[in-house]
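Student: I would like a close look at a single part of this structure, taken slowly and with the terms spelled out.

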Amino acid sequence: MALRFIGIDPNTDEQNCPRVWVDEEKKELVFQGWKAGKDLEGEVRSTGPLPDYEAVVRIPARMVHILREACDAIEHPDVVR
């Protein structure tokens, strides 16, 4: 796996916080975030099923710039950042 670290929550304690990676081989974004609570999971399920092999993860809006960078890395892997 060619997992490339993109960024971490800027309001971090450097240990237990949301992070974003790009899997360059599979062309996928990989997220570490806060687990959704039962209420949020219920709202998500109201729009469709949530299989056991999937999870709802919350990422703070202050990480939008990191998500954009990850999307750019997937779409344009030849561009060095």
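Which residue in β2 is the bridge partner of Phe5? Please answer that and then describe the surroundings of this strand with care.

Tutor: The bridge partner of Phe5 in β2 is Trp21. Before going further, please keep in mind that this is a predicted model, in which local features need pLDDT of at least 70 and side-chain atom pairs count only at pLDDT 80 or more, whereas totals for chains, interfaces and linings use all residues. Residues are numbered from 1 along each chain as its sequence is written, and side-chain values use heavy atoms, with hydrogens and water left out.

As for the setting, the chain contains two helices and five strands, where helices (H or I, at least four residues) and strands (E, at least two) are DSSP runs numbered from the N terminus. Read along the sequence, these follow the pattern β-β-β-β-α-β-α. Of the 81 residues of the chain, 26% count as buried, a term that means under 20% relative accessible area, with exposed meaning over 50% and partly exposed in between (1.4 Å probe, protein chains only).

The strand β2 covers residues 19–23, and five of its five residues are buried, so β2 is largely enclosed by the rest of the structure. In a regular strand the side chains alternate between the two faces of the sheet. In β2, Arg19, Trp21 and Asp23 point one way, while Val20 and Val22 point the other way.

β2 has pairing partners in both β1 and β3, two strands being counted as paired if DSSP finds at least two bridges between them. With β1 the pairing is antiparallel over five bridges, and with β3 (residues 28–32) it is likewise antiparallel over five bridges. On the β3 side, Trp21 stands opposite Val30, and the bridge partner of Asp23 is Glu28. β2 and β3 form a hairpin with four residues between them, and Lys27 in the turn has a positive phi of about 60 degrees.

The Phe5 and Trp21 pairing also involves their rings. A pair of aromatic rings is described by the distance of the centres and the angle of the planes. Here the rule is that rings of Phe, Tyr and Trp (its six-membered ring) pair if their centres lie within 6.5 Å, with planes under 30 degrees apart counted as stacked, over 60 as edge-to-face and the rest as tilted. By this rule the count comes to one aromatic pair: the rings of Phe5 and Trp21 have their centres 6.2 Å apart and their planes at 65 degrees, so the pair is edge-to-face. Phe5 lies in strand β1 (residues 3–8) and Trp21 in strand β2, so the pair ties together parts that are 16 residues apart in sequence. The two residues are covered to unlike degrees, since Phe5 is partly exposed at a relative accessible area of 43%, whereas Trp21 counts as buried at 18%.

On this face of β2 there is also Arg19, which is buried, with a relative accessible area of 17%. Not counting residues up to four places away in sequence, Arg19 touches Phe5, Gly7, Ile8, Glu14, Val30, Phe31, Gln32 and Met63, a contact meaning heavy atoms within 4.5 Å. Leu3, in strand β1, is partly exposed at 41% relative accessibility, and under the same sequence exclusion it touches Trp21, Val22, Asp23 and Val30.

The other way from β2 point Val20 and Val22, and these two belong to the largest nonpolar core, which has eight residues: Ile6, Val20, Val22, Met63, Ile66, Ala70, Ala73 and Ile74. A nonpolar core is a set of buried Ala, Val, Leu, Ile, Met, Phe, Trp, Tyr and Cys residues joined through side-chain atoms within 4.5 Å. The elements that give two or more residues to this core are β2 and α2 (64–75), and α2 gives the most, with four residues. Leaving aside neighbours within four places in sequence, Ile6 is in contact with Val20, Trp21, Val22, Ile66, Glu69, Ala70 and Ala73, and this list includes residues of both β2 and α2.
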